[in-house]
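User: Could you take a close look at one part of this model for me? I'd like to hear what packs around it and how the strands there are put together.

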Amino acid sequence: MLKKSVFILIGIILLTTNCTRDDICTEETPKTPLLIIKFYDKDNVQFTKAVENLAVFADTISVSLFPVSTTDSIAIPLKTNENWTDYLFLKNANDTLTFLGESFRFDYERSDEYINRACAFRTNFFNLTEERTTPSPDFEWIDNIVIRTDSITPQTQNEPHIRIYH
Amino acid sequence: MSRIFASIISLFLLAAGTVAAQEASDSVQTDTISYAEKYGLRVGADLSKPFRTLIDDDYSGFEIMADYRLTKKIYLAIELGNEQCTTFDDNLTSKGSGNYVKIGADYNMHKNWVGLNNMIFMGLRYGFSTFSQDLIDYTINTQEPVFPVDFRPENITYNGLNAQWVELIVGVKTEIATNLFLSLNLQLKRRVSEKAPDNFENLYIPGFNRTYENSSIGAGFGYGISYLIPLFKK
């Protein structure tokens, strides 16, 4: 009886103290949250309105975050090592991209939050503000931008943080 | 690592085998000559921890231990140790370092042949550790790999941490030469309280070993050598 239990215990210990990692960061674990933007109709503010052939560019990255598509909502990442991220929203993007779109700088404060051993940390963002940096009125297609929720955390991932009227 | 385990287990089996062989012919006992058994203080050190210190760059540690025979079957036991262990996880590296003490008692379940002092024992310990933890580096976990990986080699030290646990221990002690004992034990631990850093957690607790998410269970083993200082016989 004793020897049996000793062997069972050896088994447990071999399973638990070996060198292979058994901690995997699962898909469902909330990681660094995304900024969620929803597009609304400027003439009928109750209703969402898809942006035709929208392309989204982060900072100086010259490839659109998503394939060009007609959509009424996007979820975009913010930089976790800076207090700002620049974004360019291009409407009616086609094959010959011109980058002649609306640009915004999003400013925020950051706070890193421990998740667990496998996933490490995520960054949450607070006091989000936006600044329109579109270089010319000719590129403007957005009527108004409204921040609804200024904290971007795993708890605020179900509702849009920003409403854009166009 | 598996080789170490293999050798430790074979040593353990050797020790267990010695005790078992002796147990097998244990049945007839008509001897009426009384034999006084040795009582005393047994002091020793763990061998696996210095050995691991030599071969594993990310670990250093030692443990000294003592037990005192209280009654025929019960021994008071204490272990004191120091450990430092660096843990490499997928997205973070951390190091726990500090001291621990474990106190408790062992119960010898083995009936010895006359003149032998081997043990197959089960014991309980209360463990307490004070330690610090270094968060050496980590990455920010993002769901969209849009921006370059945000790696933070921050090396933050959290001091003044502690943990308490209870431990179930089973093992054998075999007298390999007069008053000299080899012992192997396996430990199953359950944490009862801990002081963890803000916005981080205790990933390695000296004496308790690594922790598991959403669990207060830990495990460990010891392989040691000890010397019995006989004090009296009865």
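Analyst: Let's start with A:Y87. Leaving aside residues up to four places away in sequence, A:Y87 touches A:V56, A:F57, A:A58, A:I76, A:S103, A:F104 and A:F106. Keep in mind that this is a predicted model.

A:Y87 also matters for the bigger picture of the packing: together with A:V56, A:Y87 has the most contacts inside the largest nonpolar core, a set of 23 residues. Several strands of chain A feed that core, with at least two residues each from β1 (35–40), β2 (51–58), β5 (84–90), β6 (102–116) and β9 (162–165). The top contributor is β2(A), which gives 6 residues. That fits a general pattern: in soluble globular proteins, nonpolar side chains tend to be buried together. Apart from this core lies another one, of 10 residues, including B:M119, B:I120, B:F121 and B:L184.

Now for the strand around A:Y87. β5(A) is mostly covered, with 5 of its 7 residues buried. On one hand, β5(A) pairs with β2(A) in the antiparallel sense over 4 bridges, and there A:F57 has A:L88 as its bridge partner. On the other, β5(A) and β6(A) pair over 6 bridges, again antiparallel, with A:W84 standing opposite A:D107 of β6(A).

Zoom out and you get an open sheet of 5 strands in chain A, antiparallel in its pairing, with the order β3-β2-β5-β6-β7. Its edge strands are β3 (69–71) and β7 (120–132), each of which pairs on one side only. Ignoring direction, neighbouring strands in this sheet are turned by 45° against each other on average. At the β3 end, β2(A) and β3(A) pair in the antiparallel sense over 2 bridges, and A:V51 finds its bridge partner in A:T71.

What about β1 and β9, which also supply core residues? Those two belong to an open sheet of 4 strands in chain A, ordered β4-β1-β9-β8 and mixed in its pairing. At its edges stand β4 (73–76) and β8 (144–147) of chain A; each has a single partner strand, so one side of each is left without a neighbour in the sheet. Here the twist averages 20° from one strand to the next. β8(A) and β9(A) pair in the antiparallel sense over 4 bridges, and one spot to look for is A:N144, which stands opposite A:Y165 in β9(A).

Technical notes:
Residues are numbered from 1 along each chain as its sequence is written. Chains are lettered from A and ligands numbered from 1 in the order in which they are written. This is a predicted model: local features need pLDDT of at least 70, side-chain atom pairs count only at pLDDT 80 or more; totals for chains, interfaces and linings use all residues. A nonpolar core is a set of buried Ala, Val, Leu, Ile, Met, Phe, Trp, Tyr and Cys residues joined through C-beta atoms within 7 Å. A residue is buried if 20 or more other C-beta atoms lie within 10 Å of its own, exposed if 12 or fewer, and partly exposed in between; C-beta atoms are placed from the backbone. Two residues are in contact if their C-beta atoms, placed from the backbone, lie within 7 Å. Two strands pair if DSSP finds at least two bridges between them. Axes are lines fitted to C-alpha atoms, for helices over the stretch in contact, and angles run from 0 to 180 degrees between N-to-C directions.
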